[in-house]
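Me: I have a model open and would like to talk it through with you. Could we go from the overall fold down to single residues?

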Amino acid sequence: MTDININIQNPDNTITTLVAPTDMGLSLMEFLKGNDYDILATCGGMALCATCHVSVISGFENLHEISDDEYAMLDTLPNITETSRLGCQLKLADNMNNITVKIMGDGN
Ligand code: FES
């Protein structure tokens, strides 16, 4: 499979589904930014700014395990959830097909 579906839960709880390529080495952060979602990504994907914070609504169990660095960054956030991840640390791949995420980096 070269394309996967990524679902984004909007602030009004509707879902937007985007088709994402898995063969370009993109992270979820880069993909969402490229689709005009408002993610600052100040650190450029180094797990140092947490502005790419997403809460995974479904599909969390399919993701690769969180690294100590990613967790340490998330743990500084006031709005961390049990399924929080950094979008820059999630590389688009088959295991992310049909995942649903809510963008948290804007503080919502
Ligand atoms: S872009 Fe900075 S932590 Fe992900």
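Reply: Happy to! One term before the sheet comes up: two strands count as paired if DSSP finds at least two bridges between them. Please keep in mind that this is a predicted model.

Me: Great. In what order do the five strands stand in the open sheet?

Reply: The pairing in this sheet is mixed. β2 and β4 (84–86) are at the edges with a single partner strand each, so each has one side without a neighbour in the sheet. From one strand to the next, the twist averages 40°. Read across the sheet, the order is β2-β1-β5-β3-β4.

Me: And which pattern does the protein chain follow along the sequence?

Reply: The chain holds two helices and five strands. Written from start to end, they give β-β-α-β-α-β-β.

Me: What is the radius of gyration, and how does the globule rule for 108 residues compare?

Reply: The C-alpha trace spans about 35 × 30 × 25 Å along its principal axes. For 108 residues the globule rule gives 13 Å, and the chain comes close to that, so it is as compact as a globular protein of that length. The radius of gyration itself is 12 Å.

Me: What share of the contacts between residues at least 6 apart in sequence joins residues at least 24 apart?

Reply: A contact here needs C-beta atoms within 7 Å. Among contacts between residues at least 6 apart in the protein chain, the share that joins residues at least 24 apart is 64%.

Me: Let's zoom in on β1 and β2. Do they run parallel or antiparallel, and how many bridges join them?

Reply: β1 covers residues 3–9 and β2 covers residues 15–21. Several pairs can be picked out: D3 stands opposite P21, I6 faces L18, and Q9 has I15 as its bridge partner. The two strands run antiparallel, and the number of bridges is seven.

Me: Which residue in that hairpin takes a positive phi?

Reply: Five residues lie between the two strands of the hairpin. One of them has a phi near 75°, and that residue is N13.

Me: Which residue in β5 is the bridge partner of I6?

Reply: I6 already stands opposite L18 in β2. β1 also pairs with β5, in the parallel sense and over four bridges. Within β5, the partner of I6 is I99.

Me: Now the interior. Which element supplies the largest share of the largest nonpolar core?

Reply: In soluble globular proteins, nonpolar side chains tend to be buried together. Here the largest nonpolar core has 22 residues, and L28, M29, F31, L32, V54, L86 and I103 touch the most other members. At least two residues each come from α1 (28–34), β3 (53–58), α2 (68–74) and β5 (99–103). The largest share, four residues, is supplied by α1.

Me: Which residues does M29 touch, not counting those up to four places away in sequence?

Reply: M29 is one of the core residues that touch the most other members. Its contacts beyond four places in sequence are I39, A41, G45, C52, G87 and C88.

Me: A41 caught my eye. Is it buried or exposed, or partly exposed?

Reply: A41 lies in the loop between α1 and β3, and it has a positive phi of about 50° although it is not a glycine. A residue needs 20 or more other C-beta atoms within 10 Å to be buried. A41 has 19 such neighbours, so it counts as partly exposed.

Me: And A50, is that buried or exposed?

Reply: A50 also has a positive phi, about 65°, without being a glycine. Its place is in the loop between α1 and β3. With 23 other C-beta atoms within 10 Å, A50 is buried.

Me: Last one: how far apart in space are N95 and H64, C-alpha to C-alpha?

Reply: N95 sits in the loop between β4 and β5 and is partly exposed, with 15 other C-beta atoms within 10 Å. Leaving aside neighbours within four places in sequence, N95 is in contact with N62 and L63. N95 and H64 are 31 residues apart in sequence, and their distance in space is 8.4 Å.

Note on methods
Residues are numbered from 1 along each chain as its sequence is written. This is a predicted model: local features need pLDDT of at least 70, side-chain atom pairs count only at pLDDT 80 or more; totals for chains, interfaces and linings use all residues. The radius of gyration is taken over C-alpha atoms; the globule rule is 2.2 Å times the number of residues to the power 0.38. Two residues are in contact if their C-beta atoms, placed from the backbone, lie within 7 Å. Axes are lines fitted to C-alpha atoms, for helices over the stretch in contact, and angles run from 0 to 180 degrees between N-to-C directions. A nonpolar core is a set of buried Ala, Val, Leu, Ile, Met, Phe, Trp, Tyr and Cys residues joined through C-beta atoms within 7 Å. A residue is buried if 20 or more other C-beta atoms lie within 10 Å of its own, exposed if 12 or fewer, and partly exposed in between; C-beta atoms are placed from the backbone.
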